[in-house]
Amino acid sequence: MKLLMKEWKLCIHPTAYIMLMCAALILVPGYPYGVSCFYMGLAIFFVCLTARENHDATYTLMLPVSRGDAVKGRILFCTLLEVIDLAVMGLFILIKYAIGNTPNPAGMDAGLALIGSGMIIFAIFNMIFFPVYYKDINKPGKAFGFAAVAVFLWIIIETVSTYAVPFFRDVLDQPDPRNMSDKALFALAGLALFVAGTAKSVQMSTKKFEEVDLKL
C-alpha cells in the first residue's frame with residue numbers, strides 16, 4: 001500500500017487523468033472504441049517516463065524494499081489505472097444506451113463484449129510493455145513502441161473480425177442485451193487473460209529487473 005501511495009504521489013502524470021476521459025470516445029459514432037484503451041497505455045508510458053526523469057528507481061531502491069516489490073508496486077498501480085479506465089468505459093456505455101445506441105461500423109459495438117475486449121488489450125499491453133521496460137528502465141519509449149504495435153494489431157484483428165468472423169459479427173458485435181450469456185463468457189475469458197497476463201508480466205519483469213545492472 002505504501003508503494004502504491006508512492007507511485008501515486010511521485011510518478012502519476014496528468015495525462016493519466018486526461019486519458020481516463022478518453023473513454024468518452026464511446027459516445028462518438030463510427031469510432032474504434034478499443035483505441036480508448038490504447039490511450040491509457042500511453043498514460044502508463046508517461047508514468048514510467050516521469051519516474052525516469054524523477055530518478056524514482058534511485059529513491060525506491062533506497063527504501064527497505066526488494067526490486068521485486070518495486071516492480072509489483074509499479075505494475076499494480078498501472079493495473080489499477082487500467083481497471084478504473086474499464087469502469088469509466090462501462091459508465092459511458094450506459095450513457096450511450098441511455099441517449100440512444102447506434103451500431104458501430106468501425107469495430108465492436110459498445111457493450112459487455114467491448115469491456116472483455118478492453119481486458120484483452122490491457123493483458124497484451126502488460127505482457128509486452130513491462131518486461132521490455134524493466135530490461136532497461138531508461139528506455140520506456142522502446143517498450144511502448146513494441147506494446148503499441150501489438151495492441152493495434154489486436155484492434156485491427158478485432159475490427160476485421162466484426163465483419164468476417166461469424167462469432168464476432170453475429171454474437172459479440174450486437175447491441176446488448178442480445179447474446180448476453182455468450183458476451184459474459186467472452187468477458188470472463190478476457191478477465192482471466194487480464195489477470196493471468198498481468199501476473200505473468202510481474203514474474204517476467206521482476207526477473208528482468210533483478211538481472212539488470214542498474215546505472216542510476
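Colleague: Which pattern does the protein chain follow along the sequence?
Modeller: This is a predicted model. Its secondary structure has nine helices and zero strands. Read along the sequence, the protein chain therefore gives only α symbols, in the pattern α-α-α-α-α-α-α-α-α.

Colleague: What is the radius of gyration of the protein chain?
Modeller: The globule rule gives 17 Å for 216 residues. The value for the protein chain is close to that, so it is as compact as a globular protein of that length. The radius of gyration is 18 Å.

Colleague: What does the C-alpha trace span along its principal axes?
Modeller: Three spans describe the C-alpha trace of the protein chain. Along the principal axes they are about 55 × 30 × 25 Å.

Colleague: What percentage of the residues count as buried?
Modeller: Buried means under 20% relative accessible area. The protein chain has 216 residues. Of these, the buried ones make up 50%.

Colleague: What share of the accessible surface belongs to carbon and sulfur atoms?
Modeller: The accessible surface of the protein chain comes to about 10,300 Å². Carbon and sulfur atoms hold 72%.

Colleague: How far apart are the mean positions of the positive and negative charges?
Modeller: The protein chain has 18 positive charges and 16 negative charges. The distance between their mean positions is 6 Å.

Colleague: Which helices do Phe122 and Phe194 link?
Modeller: A search of the whole structure finds 13 aromatic pairs. One of them joins Phe122 and Phe194, with 6.4 Å centre to centre and 50° between the planes, a tilted pair. Both Phe122 and Phe194 are buried. The two residues are 72 apart in the chain, and they lie in helix α6 (residues 112-133) and helix α9 (residues 180-211).

Colleague: Why is the pair of Tyr133 and Tyr134 classed as it is, stacked or edge-to-face?
Modeller: Planes over 60 degrees apart count as edge-to-face. Tyr133 and Tyr134 are both buried. Their ring centres are 4.8 Å apart and their planes stand at 70°, so the pair is edge-to-face.

Colleague: Which residues form one aromatic cluster?
Modeller: Phe and Tyr residues make up this group. Its members are Phe38, Tyr39, Phe45, Phe46, Phe144 and Phe152.

Colleague: Is Ser161 buried or exposed?
Modeller: Ser161 lies in helix α7 (residues 140-164). Its relative accessible area is 8%. The cut-off for buried is under 20%, so Ser161 is buried.

Colleague: Which residues does Ser161 contact, leaving aside neighbours within four places in sequence?
Modeller: Contact means heavy atoms within 4.5 Å. With those neighbours left aside, Ser161 is in contact with Phe168 and Arg169.

Technical notes:
Residues numbered from 1 in each chain as written. Predicted model: local features only at pLDDT ≥ 70, side-chain atom pairs only at ≥ 80, totals over all residues. Heavy atoms only, no water. Helix = DSSP H or I, 4+ residues; strand = E, 2+ residues; numbered from the N terminus. Rg over C-alpha atoms; globule rule 2.2 N^0.38 Å. Buried < 20%, exposed > 50% of the residue type's maximum accessible area, 1.4 Å probe, protein only. Areas by Shrake-Rupley, 256 points an atom, 1.4 Å probe, with all protein chains shown as cover. Lys, Arg positive; Asp, Glu negative; His and termini not counted. Charge placed at Lys NZ, Arg CZ, Asp CG, Glu CD. Phe/Tyr/Trp six-rings, centres within 6.5 Å; stacked < 30°, edge-to-face > 60°.
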